[in-house]
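Reader: I would like to go through this structure feature by feature, taking the general idea before the particular case. Could you show me how to read it?

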Amino acid sequence: MKKIKYIIGLLISVLVSYLVIEYLAYPTLSSYPRLSNTMARFPYTKFTLILSLSICLWLAYIQWDLKKVSVIYLYLASTVYLFLLFVVLFTKAKSYHDISLDVFDFIKPDQRDIREAILNVIYFMPLGAIYGFKANKYEFVVIALVTILGVETIQYAFYLGTFALSDILLNFIGSSFGFALCKVLGKRLDIESL
């Protein structure tokens with residue numbers, strides 16, 4: 001019975017990963033010339049992204065079912081996540097040295113801007129979850145804001161992107177969702193021993 005449940009979990013993980021990559025992540029990432037050129041050099045980029053996300057989701061489901069979080073899984077998922085976050089944050093910029101002080105510049109009827117805003121929230125959910133393992137809510141707010149401000153400052157200072165207040169807001173919202181999710185899941189999973 002467990003095998004069937006895990007096979008179904010794998011199939012659902014693949015389906016969710018396919019939908020997220022095919023209709024949300026890949027179209028957005030492909031719209032940036034530097035990322036598009038990089039992804040074009042490797043013909044299996046989309047497949048690799050779907051496979052990586054599928055494995056992470058499936059292993060997360062197994063841990064949910066076992067009611068225990070494996071440190072090895074956390075290392076694996078964190079490494080993949082941080083690598084992908086680095087690639088996305090520092091190679092997608094349209095303008096390489098700019099400041100945007102419009103906090104709500106993502107509220108436009110343009111589908112690309114809406115997709116990118118959603119991704120900005122999603123990108124930082126795992127980071128908030130990572131902080132949720134050990135930080136209380138006050139430590140989380142400070143650490144998350146320092147991290148996000150650091151990323152935005154690095155993008156601007158090293159000509160890698162735009163310092164945008166809207167990104168800070170969206171990234172903090174994503175981190176907050178991840179932090180809250182970790183705290184809720186922590187009641188079911190054994191994460192205190194990590």
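**Reading the chain**

Author: With 194 residues, a compact globule would have a radius of gyration near 16 Å, and the chain has 17 Å, which agrees; the radius is taken over C-alpha atoms, and the globule rule is 2.2 Å times the number of residues to the power 0.38. This is a predicted model, in which local features need pLDDT of at least 70 and side-chain atom pairs count only at pLDDT 80 or more, while totals for chains, interfaces and linings use all residues. Residues are numbered from 1 along each chain as its sequence is written, and side-chain values use heavy atoms, with hydrogens and water left out.

Reader: Which elements does the chain have, and in what order do they run from the N terminus?

Author: Helices (H or I, at least four residues) and strands (E, at least two) are DSSP runs, numbered from the N terminus. Here there are seven helices and two strands, and from the N terminus on they run α-α-α-α-β-α-α-β-α. The C-alpha atoms fill a box of roughly 55 × 45 × 30 Å, taken along the principal axes.

Reader: How should I read burial and contacts, and what percentage of the 194 residues counts as buried?

Author: A residue is buried under 20% relative accessible area, exposed over 50% and partly exposed in between, with a 1.4 Å probe and protein chains only. By that rule 38% of the 194 residues are buried. A contact means heavy atoms within 4.5 Å, and of the contacts in the chain with a separation of 6 or more, 78% are accounted for by residues 24 or more positions apart.

Reader: What does Ser-17 contact, leaving aside its neighbours within four places in sequence?

Author: Ser-17 lies in helix α1, residues 2-30, and is buried, with a relative accessible area of 0%. Leaving aside neighbours within four places in sequence, its contacts are Ile-50, Leu-53, Ser-54 and Leu-57. A second case is Gln-63 in helix α3, residues 45-66, which counts as buried at 9% relative accessibility; with the neighbours within four places again left aside, Gln-63 is in contact with Lys-68, Val-69, Ser-70, Tyr-73 and Leu-189.

Reader: Where is Lys-67 found, and what is notable about its phi?

Author: Most residues other than glycine have a negative phi, and most peptide bonds are trans. Lys-67, although not a glycine, has a positive phi of about 60°. Lys-67 is found in the loop between α3 and α4 (71-91), where it is partly exposed, with a relative accessible area of 46%.

Reader: How do I read residues that are apart along the chain, and what separates the C-alpha atoms of Leu-85 and Tyr-123?

Author: The idea is to set the separation in sequence beside the distance in space. Leu-85, in helix α4, is 38 residues from Tyr-123 along the chain, while their C-alpha atoms are separated by 6.9 Å. Leu-85 counts as buried at 9% relative accessibility, and, leaving aside its neighbours within four places in sequence, is in contact with Tyr-123 and Phe-124. For Asn-136 and Lys-183, 47 residues apart along the chain, the C-alpha separation is 9.6 Å. Asn-136 lies in the loop between α5 (111-132) and α6 (137-157) and is partly exposed, with a relative accessible area of 37%.

Reader: How many disulfides does a search of the whole structure find, and why is there no bond from Cys-56 to Cys-182?

Author: A disulfide is a covalent bond between the sulfur atoms of two cysteines. The search, in which a disulfide is a pair of cysteine sulfur atoms within 2.5 Å, finds zero of them in the whole structure. The sulfur of Cys-56 is 16 Å from the closest cysteine sulfur, in Cys-182, and this is too far for a bond. As for their surroundings, Cys-56 is buried, with a relative accessible area of 15%, and Cys-182 is buried as well, with 7%.
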